[in-house]
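Let's take a walk through this protein together, starting with one helix and working outwards. Please have the viewer open and ready to rotate.

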Amino acid sequence: MSEPTIDVYSWPTPNGHKVHIMLEECGLPYRAHPINIGKGEQFEPDFLAISPNNKIPAITDPQGPDGRPISLFESGAILVYLAGKTGKFLPPGDRERYNVLQWLMFQMGGVGPMLGQAHHFRLYAPEKVPYAIDRYTNEAKRLYGVIDKQLGKSRFVAGPEYSIADIAIFPWLRNWKGQGIELDDFPKLKRWFEGIEARPAVQRGVKVLADLRKPLTDDKARDILFGKTQFERR
């Protein structure tokens with residue numbers, strides 16, 4: 001009997017790539033449904049029913065923990081769920097598991113928000129504000145330094161084994177140039193990054209829906225993502 005197919009509602013962004021990569025690494029069957037965040041599809045009622053924060057990604061699994069369907073939003077929660085479902089990429093031991101989870105929270109609370117802001121103010125902000133650019137570029141460099149130092153202690157971010165912490169962090173570092181970073185300044189991170197990038201499942205994961213994404217040059221799309229439209233359409 002084949003395993004039920006998970007439905008993924010997503011877009012080719014770092015948070016979307018986390019889930020795409022995890023599904024590929026776990027070998028789970030899934031269908032990717034594009035939610036074009038530049039067109040405002042994240043505000044549609046059907047999507048809000050499973051992702052009330054109007055953010056991608058979200059999933060529905062017809063066979064949840066109790067055998068009944070379950071839907072989840074927030075990429076970090078989805079990674080933890082898929083790790084629990086498959087027994088992969090999250091260690092069973094308490095000490096090792098909490099270590100992975102703290103680095104997952106590091107990505108969710110620091111790497112994602114801060115690198116996202118660096119990328120925004122450097123590339124997308126209509127006005128180039130030196131203070132904002134310097135503030136978030138410096139914070140990006142600090143975070144890269146934290147990861148580089150950690151990778152001087154272990155092969156992967158949270159220890160000797162590849163985990164959801166690596167899966168969560170990697171997609172956010174793919175835009176290192178736009179964040180004002182030179183990877184050569186972080187040799188241990190660069191070695192890790194190139195190793196993750198070479199994994200076949202990672203290569204497949206970052207290609208999911210990638211052909212649908214276009215450069216963000218349209219003013220309306222920018223307003224939907226960054227401006228007042230995102231509040232007006234709730």
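Which helices do the buried residues of H5 pack against? Before answering, please keep in mind that this is a predicted model. The answer is H4, H6 and H7.

It helps to look at helix H5 itself, which runs over residues 130–150. H5 holds 21 residues, and from its first C-alpha to its last it reaches 30 Å, close to the 30 Å expected at 1.5 Å a residue. Its buried residues start with Ala 132 and Ile 133, followed by Tyr 136, Thr 137, Glu 139 and Ala 140, then Leu 143 and Tyr 144, and finally Ile 147, Asp 148 and Gln 150. As you colour them, a general point about helices is useful: an α-helix has 3.6 residues a turn, so residues three or four places apart point the same way.

Now zoom out to the whole chain. The protein has ten helices and four strands, and along the sequence these follow the pattern β-α-β-α-β-β-α-α-α-α-α-α-α-α. Its C-alpha trace spans about 55 × 45 × 30 Å along the principal axes. The radius of gyration is 18 Å, which agrees with the value near 17 Å for a compact globule of 234 residues. Of those 234 residues, 50% are buried. Among contacts with a separation of 6 or more, 66% are between residues 24 or more positions apart.

What lies inside? The largest nonpolar core has 57 residues, and the members that touch the most others are Leu 173, Leu 189 and Trp 192. Strand S1 (6–10) gives two or more residues to this core, and so do helices H1 (14–26), H3 (75–86), H4 (94–124), H5, H6 (164–173), H7 (187–197) and H8. The largest share, nine residues, comes from H4. Set apart from this core is another one of seven residues, including Trp 11, Ile 37, Ile 50 and Ala 58.

Trp 192 is a good residue to centre the view on. Beyond its neighbours within four places in sequence, Trp 192 is in contact with Leu 151, Arg 155, Phe 156 and Val 157, and also with Asp 166, Ile 169, Phe 170 and Leu 173. Leu 173 is thus both a contact of Trp 192 and one of the core members named above.

Next, turn to the N-terminal part. UniProt, in an unreviewed entry, places the feature "domain: GST N-terminal" at residues 3–90. That span is 33% helix and 20% strand, and its end C-alpha atoms lie 21 Å apart.

Inside the span, look for Asp 61 in strand S3 (residues 58–61). Is Asp 61 buried or exposed? Asp 61 counts as buried because its relative accessibility is 1%, where the cut-off for buried is under 20%. Its side chain makes a polar contact with the side chain of Tyr 81 at 2.6 Å. The side chain of Asp 61 also reaches the backbone nitrogen of Gln 63, at 3.0 Å. Not counting residues up to four places away in sequence, Asp 61 touches Ile 6, Arg 68, Pro 69, Ile 70, Tyr 81 and Lys 85.

Asn 54 sits in the loop between helix H2 (45–48) and S3. Although in a loop, Asn 54 counts as buried, at 6% relative accessibility. Its C-alpha is separated by 9.2 Å from that of Phe 73, 19 residues apart along the chain.

Two further loop residues round off the tour. Asn 175 is found between H6 and H7 and is partly exposed, at 33% relative accessibility. Apart from residues up to four places away in sequence, Asn 175 touches Pro 14 and His 119. From Asn 175 to Leu 104 there are 71 residues in sequence and 19 Å in space, C-alpha to C-alpha.

Arg 213 lies in the loop between helix H8 (200–207) and helix H9 (219–226). With a relative accessible area of 41%, Arg 213 is also partly exposed. Leaving aside neighbours within four places in sequence, Arg 213 is in contact with Trp 11, Pro 12 and Thr 13. Trp 11 is also one of the residues in the seven-residue core. Arg 213 and His 20 are 193 residues apart in sequence, yet their C-alpha atoms are 15 Å apart in space.

Terms used:
Residues are numbered from 1 along each chain as its sequence is written. This is a predicted model: local features need pLDDT of at least 70, side-chain atom pairs count only at pLDDT 80 or more; totals for chains, interfaces and linings use all residues. Side-chain values use heavy atoms; hydrogens and water are left out. Buried means under 20% relative accessible area, exposed over 50%, partly exposed in between (1.4 Å probe, protein chains only). A polar contact is a pair of N or O atoms within 3.5 Å; within protein, one must be able to donate a hydrogen and the other to accept it, and residues adjacent in sequence count only if both atoms are side-chain atoms. Contact means heavy atoms within 4.5 Å. UniProt positions are given in the numbering used here, feature names are shortened, and annotations may be inferred rather than shown by experiment. A nonpolar core is a set of buried Ala, Val, Leu, Ile, Met, Phe, Trp, Tyr and Cys residues joined through side-chain atoms within 4.5 Å. The expected span of a helix is 1.5 Å times one less than its number of residues. The radius of gyration is taken over C-alpha atoms; the globule rule is 2.2 Å times the number of residues to the power 0.38.
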